[in-house]
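Thanks for coming. I will take one chain today and go through confidence, packing and one helix.

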Amino acid sequence: SDPQGNASSGVGVKTKNNDDHLYHVFCSQVSINNVIRDTGVKNLRIVPSNIDLVAAELELINEEKRECFLGNMLNVVNGDCHYILIDGPPSLGRLTVNALTAARSVLIPMQCEYFAMEGLAQLINSIRLVKKKFNQHLYIEGLLLTMFDTRNRLSHQVSDEISRHFGD
């Protein structure tokens with residue numbers, strides 16, 4: 001549900017102008033099963049996304065139960081998959097709320113830098129809010145430190161701070 005489409009391009013799936021993608025599913029123009037595409041990785045399929053998905057945020061404003069759209073779409077494919085990974089946008093908008101409402105757990109990737117620590121507190125508060133209002137079963141699976149440089153003292157400081165607050 002990330003309009004940047006990094007997960008799509010990361011597994012080698014590019015959307016062309018005439019290809020259906022997640023935005024078309026949000027707009028009920030096509031079933032999610034018709035948008036799922038194979039990747040070059042065995043047993044890994046993807047629902048591609050692109051920048052058009054930004055418009056879905058605006059289109060969801062007047063919809064009832066707008067926080068449940070993604071979860072309802074995924075229910076169609078849920079029995080066919082062992083795991084469904086949702087790559088959410090870094091912002092805390094409607095698409096992120098949809099992703100958190102649809103998810104069972106959250107794995108938070110976090111860069112080893114100071115400002116990421118501030119954003120983490122805000123994200124955890126948002127997760128608690130979504131859990132309270134929309135998805136009581138949601139839990140934080142863990143934190144994944146990214147861009148960790150063993151030569152950089154700040155990376156170690158951020159890692160130590162995370163361990164103090166959340167454990168290993």
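Before the helix, one term: buried here means under 20% relative accessible area, with a 1.4 Å probe and protein chains only. By that cut-off, the buried residues of helix H6 are Ala116, Leu120, Ile124, Ser126, Ile127 and Val130.

This is a predicted model, so a word on confidence, because where pLDDT is low, the predicted coordinates should not be read in detail. The mean pLDDT of the chain is 83, with 94% of residues at 70 or more. By element, the lowest mean, 76, belongs to helix H1, residues 6–10, and the highest, 91, to strand E3, residues 105–111.

Back to H6, residues 114–133. How far apart are its end C-alpha atoms? They are 30 Å apart; at 1.5 Å a residue the 20 residues should span 28 Å, so the two agree. What do the buried residues of H6 pack against? Their partners are H5, E3, strand E4 (139–146) and helix H7 (153–166).

Now the cores. The largest nonpolar core has 16 residues, and Val25, Phe26, Ile32, Leu53, Ala56, Leu70 and Met73 have the most contacts inside it. Helices H2 (22–26), H4 (69–74) and H5 (94–102) each give two or more residues to this core. H2 supplies the largest share, four residues.

Take Phe26 as an example. Leaving out residues up to four places away in sequence, Phe26 touches Leu53, Ala56, Leu60, Phe69, Leu70, Met73, Leu95 and Asn98.

Apart from that core lies another, of 14 residues, including Val106, Met110, Leu120 and Leu138. Leu120 is also on the list of buried residues of H6.

Methods: Residues numbered from 1 in each chain as written. Predicted model: local features only at pLDDT ≥ 70, side-chain atom pairs only at ≥ 80, totals over all residues. Heavy atoms only, no water. pLDDT = per-residue confidence, 0-100. Core = buried A, V, L, I, M, F, W, Y, C linked by side-chain atoms within 4.5 Å. Buried < 20%, exposed > 50% of the residue type's maximum accessible area, 1.4 Å probe, protein only. Contact = heavy atoms within 4.5 Å. Expected span 1.5 Å × (residues − 1).
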